[in-house]
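Me: I have a model open and would like to learn how to read its helices and strands. Could you walk me through a few features?

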Amino acid sequence: MTHFMKPKYILAGNAVLSLSACQDKFLDLSPIAQANSNTFYKTSSDMLIALNGAYGALQFGGQYGQFYIFSEVPSDDSTPILSGSVTDQDEFDKFYLRTTNPFLAARWSDGYRGIYRANTVIDRIAGVTMDETLKKRVVGEAKFLRALMYFNLVRAFGDVPLVVKEIIDPSEGYDYGRSPVAEIYTQITKDLTDAEGVLPERYTGVDVGRATRGAAKSLLGKVYMTQRKYAEGAAKLKEVVDAATYDLLPAYGDLFKPANKNSRESVFEVQYKKGSLGEGSNFSNVYAPENSGNAVIQFGGGGNNRPTLDLENAFEAGDPRKNLSFATSYTNTAGNKVDFYFIRKYTDVPTISGDAEDNFYVLRYADVLLLYAEALNETGKTPDALPLLNRVRKRVNLADKTGLNQAAMRLALEQERRVELAFEGHRWYDLVRTSRALPVLQAKAAVIGIKTSLTENNLIFPVPQSQIDINSDKIKQNPGY
């Protein structure tokens with residue numbers, strides 16, 4: 001069960017911040033014991049520890065630990081298991097969300113916990129004597145993380161409180177109402193623009209996996225596309241492609257092997273490390289079939305985020321990505337076939353339950369190429385977009401698309417993103433971004449079991465009721481909830 005912070009502390013965070021104990025290993029994010037905020041944040045080592053704590057926030061359940069609930073389950077790609085323990089997820093699948101749903105509270109609170117950590121780094125580092133180049137880089141990384149966390153919050157809830165400084169006194173949290181979406185995107189754009197100016201192109205050694213210049217540019221390109229600023233998106237994504245920092249791995253299946261974490265196709269990943277350190281990922285257990293024992297993965301599975309038949313039918317004949325992305329059955333320990341759809345992209349064997357090595361892709365190069373193709377298509381350059389689409393298809397030996405007009409290219413890109421990026425947190429937000437969520441899901445309402453007639457109100461989720469209860473003067477509910 002995800003731990004939820006008490007509402008009045010959600011914006012302020014804890015006065016004493018739990019951070020990484022390791023000063024030289026990025027992946028080791030285990031918390032130190034109650035470092036005093038008055039004596040901490042004094043040295044460059046302190047600031048790197050604090051920064052690692054901000055990265056560590058990405059693992060929270062309300063951030064990427066349970067990202068699928070907001071990005072996959074509401075779409076036509078996956079569905080939760082139908083048991084009493086996950087009815088909270090079923091509300092996302094069928095659109096009958098309660099404002100008290102605990103996953104809403106987790107998304108909000110864990111987002112602001114991470115933002116608090118990033119804000120603390122940015123504010124406290126000003127008074128630290130350290131190498132100026134490193135100082136600028138640390139601030140750039142913190143701004144990238146803050147932008148990413150706000151991007152996920154604004155896409156989920158629309159207007160959200162904009163907090164860009166460390167809050168020491170929890171009572172200050174009551175001063176913040178919901179800022180308009182446009183203001184949130186302005187801040188995200190500023191943070192990413194600042195970050196790309198100071199972040200390195202690559203890292204080596206223990207720093208591999210940190211935010212890079214290409215990650216900032218790629219995320220900014222996606223931010224522009226989400227706002228339908230297609231010309232700006234095309235220009236920014238072109239910078240990423242022209243830099244030639246990234247490339248597609250030759251084999252699609254290699255993308256999901258732990259040995260290939262942070263590969264040349266990776267733009268930014270949430271880092272996990274198994275070994276009973278509290279830093280492992282739980283995807284392999286969460287997604288494996290329920291009641292499967294050790295037949296699919298050691299320590300069994302939860303059966304969550306189940307692929308749909310509709311997604312299976314979306315793959316072209318001969319597309320190897322289908323079998324590499326999910327399975328439709330497994331053989332149990334008695335040797336019998338059991339029909340059950342489950343994800344195969346996250347299959348590292350855990351050391352204990354929920355302690356595997358699978359990272360989570362936030363951005364990878366195929367995503368960038370397809371976004372760039374979309375930007376070109378939307379700016380009237382469909383012929384220039386076509387080779388980018390076909391480059392992704394060529395890796396899996398699918399025939400080139402030819403002769404597409406702008407409308408046909410839109411559908412081809414929608415389809416390609418669906419099968420290329422399945423279960424990587426894109427489908428719902430792709431449909432919303434392209435104004436396709438309502439027509440696509442309404443057409444499948446009976447199959448999905450949607451319990452309402454979808455409107456624009458359903459394109460964002462309700463504000464957690466706890467936030468309204470604690471600060472009703474400033475925090476109001478979204479329309480329709």
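Reply: Gladly! Let's begin with a backbone angle: just after helix α8, Arg228 takes a positive phi of about 65°. Keep in mind that this is a predicted model.

Me: What span should the 14 residues of α8 have at 1.5 Å a residue?

Reply: The rise per residue gives an expected span, to set against the distance between the end C-alpha atoms. For α8 (residues 213-226) the expectation is 20 Å, and the end C-alpha atoms are 20 Å apart, so the two agree.

Me: Is α8 mostly covered or mostly open?

Reply: Mostly covered: 13 of its 14 residues are buried.

Me: Which residues of α15 are buried?

Reply: A general idea helps here: an α-helix has 3.6 residues a turn, so residues three or four places apart point the same way. In α15, the buried residues include Met409, Ala412, Leu413, Glu416 and Val419. The helix covers residues 406-420 and reaches 21 Å from its first C-alpha to its last, close to the 21 Å expected.

Me: Which residue caps the N-terminal end of α15?

Reply: Asn405 does, with a side-chain oxygen 3.3 Å from the backbone nitrogen of Ala407.

Me: Why is Lys190 called partly exposed?

Reply: Partly exposed lies between the cut-offs of 20% and 50%. Lys190, in helix α7, has a relative accessible area of 45%, so it falls in that class.

Me: And the strands: in which sense do β4 and β5 pair?

Reply: Antiparallel, over 5 bridges, with Ser329 opposite Asp339 in β5. The two strands form a hairpin with 5 residues between them, and Gly335 in the turn has a positive phi of about 85°.

Terms used: Residues are numbered from 1 along each chain as its sequence is written. This is a predicted model: local features need pLDDT of at least 70, side-chain atom pairs count only at pLDDT 80 or more; totals for chains, interfaces and linings use all residues. Side-chain values use heavy atoms; hydrogens and water are left out. Helices (H or I, at least four residues) and strands (E, at least two) are DSSP runs, numbered from the N terminus. Buried means under 20% relative accessible area, exposed over 50%, partly exposed in between (1.4 Å probe, protein chains only). A polar contact is a pair of N or O atoms within 3.5 Å; within protein, one must be able to donate a hydrogen and the other to accept it, and residues adjacent in sequence count only if both atoms are side-chain atoms. Two strands pair if DSSP finds at least two bridges between them.
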